[in-house]
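The following note is offered to a colleague who wishes to read the model alongside its sequence. The points are numbered so that each may be checked separately.

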Amino acid sequence: MSHVSEGIDPHAVPSETGCVECLAAGQWWLHLRRCAKCGHIGCCDTSPNQYATAHFRETGHFMITSFEPGEDWFWNYGTGKPFYGPRLAPPRSRPLDQPSPGPKGRVPADWEHHLNE
């Protein structure tokens, strides 16, 4: 089974520059993850809302990659293991001027107390 044919579409573009659901609801995130199949941008499992994993559960799209600058790893929810995959359509990370946690102006002062560990 090929990662590209089963769980990765290298041509799918990111759905947003931040977590789609957090942006829509006025919420915030710690780190961003990109669905390797459709390009959905969700927040990581340490973030309060864990929308990347929710996307996997809703769609069955089982491969994600980091959407953080300088990171190029992938994660397979099916195997629970990291791997290195193909280059995906740009952009490959959130904008460099977008902070983490983000987005700017929505992160509470005590944000560290709201993280999932």
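1. Nonpolar cores. This is a predicted model, and its largest nonpolar core has ten residues: I8, A36, A52, F62, M63, I64, F74, Y77, F83 and L88. Separate from it is a second core of seven residues, among them W29, L32, I41 and F67. In soluble globular proteins, nonpolar side chains tend to be buried together.

2. The sheet. How are the five strands ordered in the sheet? They form an open sheet in the order β2-β1-β3-β4-β5, with antiparallel pairing. β2 and β5 are the edge strands, each of them pairing on one side only. From one strand to the next, the twist averages 35°. In general, strands of a sheet pair through backbone hydrogen bonds, either parallel or antiparallel.

3. The β4-β5 pair. Four bridges connect β4 and β5, which run in the antiparallel sense. F74 has F83, in β5, as its bridge partner. Both F74 and F83 are also listed among the ten residues of the largest nonpolar core.

4. Helix on the sheet. α3 lies across β1 (32-35) and β2, and it runs at about 120° to β2. A52, a member of the largest nonpolar core, can be inspected in the same view.

5. The residue ahead of α3. Q50 is located in the loop between β2 (41-43) and α3 (51-59). Its phi is near 50°, a positive value in a residue other than glycine. Most residues other than glycine have a negative phi, and most peptide bonds are trans. Because its relative accessible area is 29%, Q50 is classed as partly exposed.

6. The salt bridge. The structure holds one salt bridge. It is formed by E68 and R94, whose closest N and O atoms are 2.7 Å apart. The pair links distant parts of the chain: E68 is in the loop between β3 (63-66) and β4 (73-76), R94 is in the segment after β5, and the two are 26 residues apart. Both E68 and R94 are buried. Side chains of opposite charge can pair when their charged atoms come close.

7. Surroundings of R94. Why is R94 counted as buried? Its relative accessibility is 12%, and the cut-off for a buried residue is under 20%. The side chain of R94 also reaches the backbone oxygen of Q98 at 2.5 Å. Apart from neighbours within four places in sequence, R94 is in contact with T17, L32, F67, E68, P69, P99 and S100. Of these contacts, L32 and F67 belong to the second nonpolar core.

8. Cis peptide bonds. The peptide bond from P90 to P91 is cis, with omega near -5°. Another cis peptide bond joins S100 and P101, where omega is about 5°. P91 is placed in the segment after β5, and P101 also lies in the segment after β5. S100 is one of the residues in contact with R94.

9. Position of P90. Is P90 buried or exposed? P90 counts as exposed because its relative accessibility is 55%. The residue is found in the segment after β5 (81-84). Not counting residues up to four places away in sequence, P90 touches V13 and P14. P90 and N49 are 41 residues apart in sequence, and their C-alpha atoms are 25 Å apart in space.

Note on methods:
Residues are numbered from 1 along each chain as its sequence is written. This is a predicted model: local features need pLDDT of at least 70, side-chain atom pairs count only at pLDDT 80 or more; totals for chains, interfaces and linings use all residues. Side-chain values use heavy atoms; hydrogens and water are left out. Buried means under 20% relative accessible area, exposed over 50%, partly exposed in between (1.4 Å probe, protein chains only). Contact means heavy atoms within 4.5 Å. A nonpolar core is a set of buried Ala, Val, Leu, Ile, Met, Phe, Trp, Tyr and Cys residues joined through side-chain atoms within 4.5 Å. A polar contact is a pair of N or O atoms within 3.5 Å; within protein, one must be able to donate a hydrogen and the other to accept it, and residues adjacent in sequence count only if both atoms are side-chain atoms. A salt bridge is a side-chain nitrogen of Lys or Arg within 4 Å of a carboxyl oxygen of Asp or Glu. Two strands pair if DSSP finds at least two bridges between them. Axes are lines fitted to C-alpha atoms, for helices over the stretch in contact, and angles run from 0 to 180 degrees between N-to-C directions.
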